[in-house]
Amino acid sequence: MIAAALRKLELDAIPVATPTGRLVGASGLLLESAGCPLYTGQRCQIETVSGEWLDAQVVGFREKLSYLMPFKKATGLTTGARVLPCAEKASLQIGPSWLGRMVNGLGEPIDDLGRLGGEHILETHPPKVHPLRKKPVSEPLDVGVRAINGMLTLGKGQRVGLMAGSGVGKSVLLGLITRQTVADVVVVGLIGERGREVREFVELSLGKDGLSKAVLVIAPADESPLMRIMATELCHSIAAHFRDQGKNVLLLVDSLTRYAMARREMALALGEPPATKGYPPSVFSALPQLVESAGNGENEQGSMSAIYTVLAEGDDQQDPVVDTARAILDGHIVLTRELAERGHYPAIDIAASISRCMAQVVGKPHLHAARALKSMLARHERVRDLIPLGAYVPGADPVTDKAVSLNPRIEDFLCQGTHEAAPLGPCIAQLEELMA
């Protein structure tokens, strides 16, 4: 009797029919399926002419049509191809074995070092922390960059943007921060960037020691918009997991603009009308949701600091993504082409940059010295063009004279080599001595 009952249960578990849809359209990034009800976010497989199966995800629907977007380049598709809804995929398991590894937007390893595993389930979407329970920013974060440590001090749990046009040094500065920052775990998202930069970042920016405490999530520019979106959200989920385990985590995303562009591609393909410079409204609602998942956890948890690179197209600091990022982040560090062309590295424009949490994490002498140096820079900027012409006459204004005489030492303080270490303590002492 028991054996018969077990056999009946086994037979009942076998589906009588497999629900199957059919491909009825393919336009640009979107594929259209009909004949099978699908829900948004569901994974599907689409049959190609070669008999292989293409993975895709449901991103929208209209009446009886479901809109799918493939994870990889779609080739070999025909009208009427079978569309099979996938069973629920097993959750990703995460643990310390992820450190030193590289994965794609689906959490699959791409470094040929074997399978990944762990003892904890990784959330599909970045978790949210209740604003009233979020631990405030109260400790300084040592990023090893003198201009930032001294003038734009960051705090553990702060979220900041590196904003600049193309070719000004965002990625190089990000690599310097990656090597020098004092953190237990570093999570790096290389989103929509050149594929050449991936290996260079691993070997030149991270190095063997840096890689041992890092997790890299990679979605180069030739990946689909869906993969770039998933990779960005995955690196936030990974960082949040290690934060919740009590670690001090540094999240680096290069770049936030490529995430916004991927969102734009998907929204426009779905028929959403463009608003500002081609960006649909949904992009500007998705950015705060992503950024708010970073930051500190609850009091007994660790910290999660985040640094995003933001591309200012045409060096336009009023670019819609730049302007949105400036409003939702806890500070912005602006890199200018003018400083880069003068050989000033890192090309940080101190006057245009700000750290909104600096006053919470530094002492009064440090804050006073930083404000004094900023004032000296502003004074020198007024007469900088007059000095080579011989039109500046000392003696008219003692404060301006002091700014001119101090400028070479200030420039030396703000400049730094790509492999030069600048710990927080010595930076503060050097700044206070300079402004004494």
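The sulfur of C36 sits 7.5 Å from the closest cysteine sulfur, the one in C44, and that is too far for a bond. A disulfide would need the two sulfur atoms within 2.5 Å. C86 doesn't pair up either: its nearest cysteine sulfur also belongs to C44, 6.2 Å away. The count for this predicted model therefore comes to 0 disulfides, going by the 2.5 Å cut-off. As for surroundings, C36 counts as buried because its relative accessibility is just 9%, with the limit for buried set at under 20%. C86, at 25%, counts as partly exposed.

Moving along the chain, UniProt lists residues 156-339 as "domain: AAA+ ATPase", in an unreviewed entry. In the model, this span is 46% helix and 21% strand. Its end C-alpha atoms lie 28 Å apart.

Then there's the question of empty space inside. A search of the whole structure turns up 1 cavity of 30 Å³ or more. The space in the largest cavity comes to about 50 Å³. Its lining is made up of L141, K156, V182, A183, N248, V249, L250, S303 and S305. Sorted by type, these lining residues split into 5 nonpolar, 3 polar and 1 charged. Two strands, β15 (248-254) and β16 (303-311), each chip in at least two residues of the lining. The largest share comes from β15, with 3 residues. K156, one of the lining residues, is also where the UniProt span 156-339 begins.

How values were computed: Residues are numbered from 1 along each chain as its sequence is written. This is a predicted model: local features need pLDDT of at least 70, side-chain atom pairs count only at pLDDT 80 or more; totals for chains, interfaces and linings use all residues. Side-chain values use heavy atoms; hydrogens and water are left out. Buried means under 20% relative accessible area, exposed over 50%, partly exposed in between (1.4 Å probe, protein chains only). UniProt positions are given in the numbering used here, feature names are shortened, and annotations may be inferred rather than shown by experiment. Helices (H or I, at least four residues) and strands (E, at least two) are DSSP runs, numbered from the N terminus. On a 1 Å grid over the protein atoms alone, a cavity is a set of points where a 1.4 Å probe fits but cannot get out, and a pocket is an open set with protein on both sides within 12 Å along at least five of seven lines; lining residues have an atom within 4 Å of a point. Grid points are joined across faces, edges and corners, and a volume is the space filled by probe spheres set on the points. Ala, Val, Leu, Ile, Met, Phe, Trp, Tyr, Cys and Pro count as nonpolar, Asp, Glu, Lys and Arg as charged, and the others, Gly among them, as polar.
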